[in-house]
Amino acid sequence: SALISPMLPDNMIEPSLLRSGAPFDLLTFPEAFAPASSLVTVLNALRRVPSFGCIHVGLRPDAEHESHLFSPTAIDALLNELAPLTERADEDLGGFRTWLSRQNAAHRFNLGCLFTKDSDGHLRICVHPKQVRSRFEHSAYLENHLAEADLVTLVTLDPSDNRFLSVTVQPLICSDALNLRTDDLRPNPLAVLGGADNPFTPSPDHVDIVSVATCTPQVRSARVGRRNSR
């Protein structure tokens, strides 16, 4: 397995920083932590690592601007960079692409990414949008106003040893993990699996919640040059 150290917001990892370490099941990093280009750099480096556990990270379009929201065009560009990194691009990213094709071009979304390597050594990538707006994501300016996503994401981890049971996780971004009302009064992510409109058939009998922490609003610290929460 592998550990990643350090993992920095503006330059998450260089290949030389990969080192052998203790196995892990899950690492999580905050909302809006990683620029999209850094995610691509990390995944390129990790293709050479034989195996590692799940890593869940919040994304931002780039390191230069304060906004952590993606336009549909920026999301599409990110997916085009991620697709060549995995042999399972259609399986892992196809459903998300279908959802993205239906979105208003003027809307802005907050994204997270859960990734790992499967038992066949293939890099697996799950990109998911934020579904519940936090109080920091209301804005009179469209480019700073988060559009709540209507996409529920589950990731099932099947063990290579059939003596063990599968694990299903639901990746969420900060306020998605709270019992808050959505704008259009549809069930929030925590309630949807137990409701009549559950989109999953068959539905898993147990789901583990995985959520990145809130770090909005963000400011730059002049002293260290990194993004900090307040």
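Me: Is Asn80 buried, partly exposed or exposed?
Reply: In this predicted model, Asn80 belongs to helix 2. Its relative accessible area is 43%. Buried means under 20% and exposed means over 50%, so a value of 43% makes Asn80 partly exposed.

Me: What distance separates the C-alpha atoms of Asn80 and Leu93?
Reply: Along the chain, Asn80 and Leu93 are 13 residues apart. In space, the separation of their C-alpha atoms is 10.0 Å.

Me: How many helices and strands are there in the protein, and what percentage of its residues count as buried?
Reply: The protein has four helices and 12 strands. It consists of 230 residues. The part of these that counts as buried is 45%.

Me: Which residues of helix 2 are buried?
Reply: Helix 2 runs over residues 72–82. Under 20% relative accessible area is the cut-off for a buried residue. In helix 2, the buried residues are Pro72, Ile75, Leu78, Leu79 and Leu82.

Me: Why do the buried residues of helix 2 lie on the same side of the helix, and what arc do they cover?
Reply: An α-helix has 3.6 residues a turn, so residues three or four places apart point the same way. The buried residues of helix 2 are Pro72, Ile75, Leu78, Leu79 and Leu82. They are placed on the same side of helix 2 because the arc that they cover around the axis is only 120°.

Me: Against which elements do the buried residues of helix 2 pack?
Reply: The partners of these buried residues include both helices and strands. The helices are helix 1 (36–46) and helix 3 (89–101). The strands are strand 5 (54–60), strand 6 (111–117) and strand 7 (123–129).

Me: Are helix 1 and helix 2 roughly parallel or roughly antiparallel?
Reply: Two packed helices are described by the angle between their axes and the distance between the axes. For helix 1 and helix 2, the axes are 10 Å apart and the angle is about 10°. Angles under 35 degrees count as roughly parallel, and helix 1 and helix 2 are therefore roughly parallel.

Me: Which residues make the contact between helix 1 and helix 2?
Reply: Helix 1 contributes Ala36, Leu39, Val40 and Leu43. On the side of helix 2, the residues are Leu78, Glu81 and Leu82.

Me: How many residues of helix 1 are buried?
Reply: Helix 1 is mostly covered. Its buried residues are Ala36, Ser38, Leu39, Val40, Val42, Leu43, Ala45 and Leu46. Of the 11 residues of helix 1, the number buried is eight.

Me: Is Ser71 buried or exposed?
Reply: Ser71 is placed in the loop between strand 5 and helix 2. Beyond its neighbours within four places in sequence, Ser71 is in contact with His107 and Arg108. Its relative accessible area is 18%, and because buried means under 20%, Ser71 is buried.

Me: What distance in space, C-alpha to C-alpha, lies between Ile55 and Ile125?
Reply: Ile55 is a residue of strand 5 and counts as buried, at 0% relative accessibility. In sequence, Ile55 and Ile125 are 70 residues apart. In space, C-alpha to C-alpha, they are 9.8 Å apart.

Me: Where in the protein is confidence highest, and where is it lowest?
Reply: The average pLDDT of the protein is 82, and 83% of the residues score at least 70. Over residues 1–13, pLDDT stays under 50, and it also stays under 50 over residues 223–230. Confidence is highest in helix 2, at a mean of 97, and lowest, at a mean of 33, in strand 1.

Methods. Residues are numbered from 1 along each chain as its sequence is written. This is a predicted model: local features need pLDDT of at least 70, side-chain atom pairs count only at pLDDT 80 or more; totals for chains, interfaces and linings use all residues. Side-chain values use heavy atoms; hydrogens and water are left out. Buried means under 20% relative accessible area, exposed over 50%, partly exposed in between (1.4 Å probe, protein chains only). Helices (H or I, at least four residues) and strands (E, at least two) are DSSP runs, numbered from the N terminus. The arc is that of the directions from the helix axis to the C-beta atoms. Contact means heavy atoms within 4.5 Å. pLDDT is the predictor's confidence in each residue, from 0 to 100. Axes are lines fitted to C-alpha atoms, for helices over the stretch in contact, and angles run from 0 to 180 degrees between N-to-C directions. Angles under 35 degrees count as roughly parallel, over 145 as roughly antiparallel, 65 to 115 as roughly perpendicular and the rest as oblique.
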